[in-house]
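Reader: I should like to learn how the features of a protein model are to be read. Could we proceed by example?

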Amino acid sequence: MKKPLITTLGILLAAAILYGLYAYQFDAELKPEDEQTIIALGDSLTYGIGDEKKQGYIGQLQKKLNQQSDYTFTIHNFGIPGQESSDLLEQLESIKVNETFNEADWIIVYIGTNDLRTATGGNFQSISKEVIAKKKELYTRNMDELLTGIQEFNSSVPIIVVGLYNPFQQSNQLNEIVSDWDNSVKDIVQQHKHTHFIPTNDLLEDKEKEDYFSDALHLNHKGYRLIAERIGSYMVDTKPE
C-alpha cells in the first residue's frame, strides 16, 4: 500500500510544480507591455518614515515616472524600518516566493544606513576605525550576496542600488566614511550585470538640515523628493531591455 501512495504523492507534487510554472508564465504573458512593476527593498528610508505627506521617495518616484514615462509604473514597497543588510538578506528569501517579485521589471535596493549607524555607536557620533572597518566588511559582503541572490533568481532584471547619505553634513569625518562605503559598493555593482549605482550624499551638500530633514536621520517630503528625482531621471532615460 505504501508504494502506490508514494507514487501518487509524487505525481501530485510534480503536477503542482508544473502548474505553478505555467501560472507564472501565463500571468507574465497577460501583463500589458506598457506596465512596469518595481520592487523596492530597504529600511525606514524606503518605507518613507519622516515624510509628512506619507509618500517617501517611493510615492514621489511612482508619480514622477507615471507623469514622464510612456509606461505605467506600480511600486511594491518592502522597506522595513530598522533593517540592516543582514536582515534584508533574510527578507529576500521570503520575497522570492512572492508573486510580485516574480513580475518585477525593476528592483531598487536602498540599504546600509542602519549598518552605518550601528558602526558609529547608534548615533553616528562614535568613530572607531576598527569597528567601522569590521562592519563595512560585513556590509559589502552582504551587498554582494544580495545582488547575487537577486540575479540567480532573475538574471535580467535591472537593479538600482542607492547610495548612502550623511545625516550630519558638518562632519567631514563621517562624510569620508560614507564616501568610502559608497565606493566599495560601487565596485561591487560594477561586477554585476544590469546593475546601476545612484549616489545620494551630494544631494544634501550645502542644504539646511531643517529644510530637508524631519529628524536627525530621516528626510521630510522635500528631502525624499531629491532622491525620487534622481532615481526617476535615470529610469526615464533608461529603456527596459
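Author: The dialogue below takes up the overall architecture, then individual residues, and finally the interior space.

Reader: What kind of model is this, and how many helices and strands does the chain have?

Author: This is a predicted model. The chain contains 10 helices and five strands.

Reader: How should I read burial, and what share of the chain's residues count as buried?

Author: A residue is called buried when its relative accessible area is under 20%, and exposed when that area is over 50%. Of the 241 residues here, 46% count as buried. The chain as a whole exposes about 13,000 Å², and carbon and sulfur atoms supply 51% of that area.

Reader: Which contacts tell me how distant parts of the sequence are brought together, and what share of them is long in range?

Author: One considers contacts between residues at least 6 apart in sequence; in this chain, 77% of them join residues at least 24 apart.

Reader: Please show me a single case. Where is Y224, and is the residue buried or exposed?

Author: Y224 belongs to helix α10, residues 221-237. Y224 counts as buried because its relative accessible area is 0%, the cut-off being under 20%.

Reader: Which residues distant in sequence does Y224 touch?

Author: Setting aside neighbours within four places in sequence, the contacts of Y224 include S44, L45, G48, I49, G50 and D51, as well as G56, Y57 and Q60. H218 and L219 are also among them. For G50, the separation from Y224 is 174 residues in sequence, while the C-alpha atoms are 9.1 Å apart in space.

Reader: Loops are often passed over in such a reading. Where is N166, and is the residue buried or exposed?

Author: N166 is placed in the loop between β4 (159-162) and α8 (172-189). With a relative accessibility of 0%, N166 is therefore counted as buried.

Reader: What does the side chain of N166 reach, and which residues does N166 touch?

Author: The N166 side chain reaches the backbone oxygen of S171 at 3.4 Å. Beyond residues up to four places away in sequence, N166 touches S171, L174, N175, V178 and N201.

Reader: Where is P158 to be found, and is it buried or exposed?

Author: P158 lies in the loop between α7 (129-153) and β4. Its relative accessible area is 18%, so P158 is classed as buried. The residues touched by P158, apart from those up to four places away in sequence, are D105, W106, I107 and H194. From P158 to W106 there are 52 residues in sequence, but 5.2 Å in space between the C-alpha atoms.

Reader: H194 appears in that list. What is the phi angle of H194, and where is this residue?

Author: Phi is a backbone angle, and its sign deserves attention in residues other than glycine. For H194, phi is near 60°, a positive value in a residue that is not glycine. H194 is in the loop between α8 and β5 (195-198). At 31% relative accessibility, H194 counts as partly exposed.

Reader: What is the phi angle of F124, and is F124 buried or exposed?

Author: F124 has a positive phi, near 65°, and is likewise not glycine. F124 lies in the loop between α6 (113-119) and α7, and counts as buried at 6% relative accessibility.

Reader: Which residue can illustrate the exposed class?

Author: E33 can, because its relative accessible area is 78%. E33 is located in the loop between α1 (2-30) and β1 (35-42). T72 is 39 residues from E33 in sequence, with 9.5 Å between the two C-alpha atoms.

Reader: How do I read a contact between two side chains, and what joins K136 and S184?

Author: One looks at the atoms that face each other and at their distance. A polar contact of 3.0 Å joins the side chains of K136 and S184. K136 is in helix α7, and it touches D180, W181 and S184, residues up to four places away in sequence being left out.

Reader: Finally, how many cavities are found, and which residues line the largest?

Author: A search of the whole structure gives one cavity of 30 Å³ or more, and the volume of the largest cavity is about 30 Å³. Its lining consists of Y165, T200, L203, L204, L219, G223, L226 and I227. By class, this lining has six nonpolar and two polar residues, and no charged ones.

Key:
Residues are numbered from 1 along each chain as its sequence is written. This is a predicted model: local features need pLDDT of at least 70, side-chain atom pairs count only at pLDDT 80 or more; totals for chains, interfaces and linings use all residues. Side-chain values use heavy atoms; hydrogens and water are left out. Helices (H or I, at least four residues) and strands (E, at least two) are DSSP runs, numbered from the N terminus. Buried means under 20% relative accessible area, exposed over 50%, partly exposed in between (1.4 Å probe, protein chains only). A polar contact is a pair of N or O atoms within 3.5 Å; within protein, one must be able to donate a hydrogen and the other to accept it, and residues adjacent in sequence count only if both atoms are side-chain atoms. Contact means heavy atoms within 4.5 Å. Accessible areas come from the Shrake-Rupley method with a 1.4 Å probe; for residues, only the protein chains shown count as cover. On a 1 Å grid over the protein atoms alone, a cavity is a set of points where a 1.4 Å probe fits but cannot get out, and a pocket is an open set with protein on both sides within 12 Å along at least five of seven lines; lining residues have an atom within 4 Å of a point. Grid points are joined across faces, edges and corners, and a volume is the space filled by probe spheres set on the points. Ala, Val, Leu, Ile, Met, Phe, Trp, Tyr, Cys and Pro count as nonpolar, Asp, Glu, Lys and Arg as charged, and the others, Gly among them, as polar.
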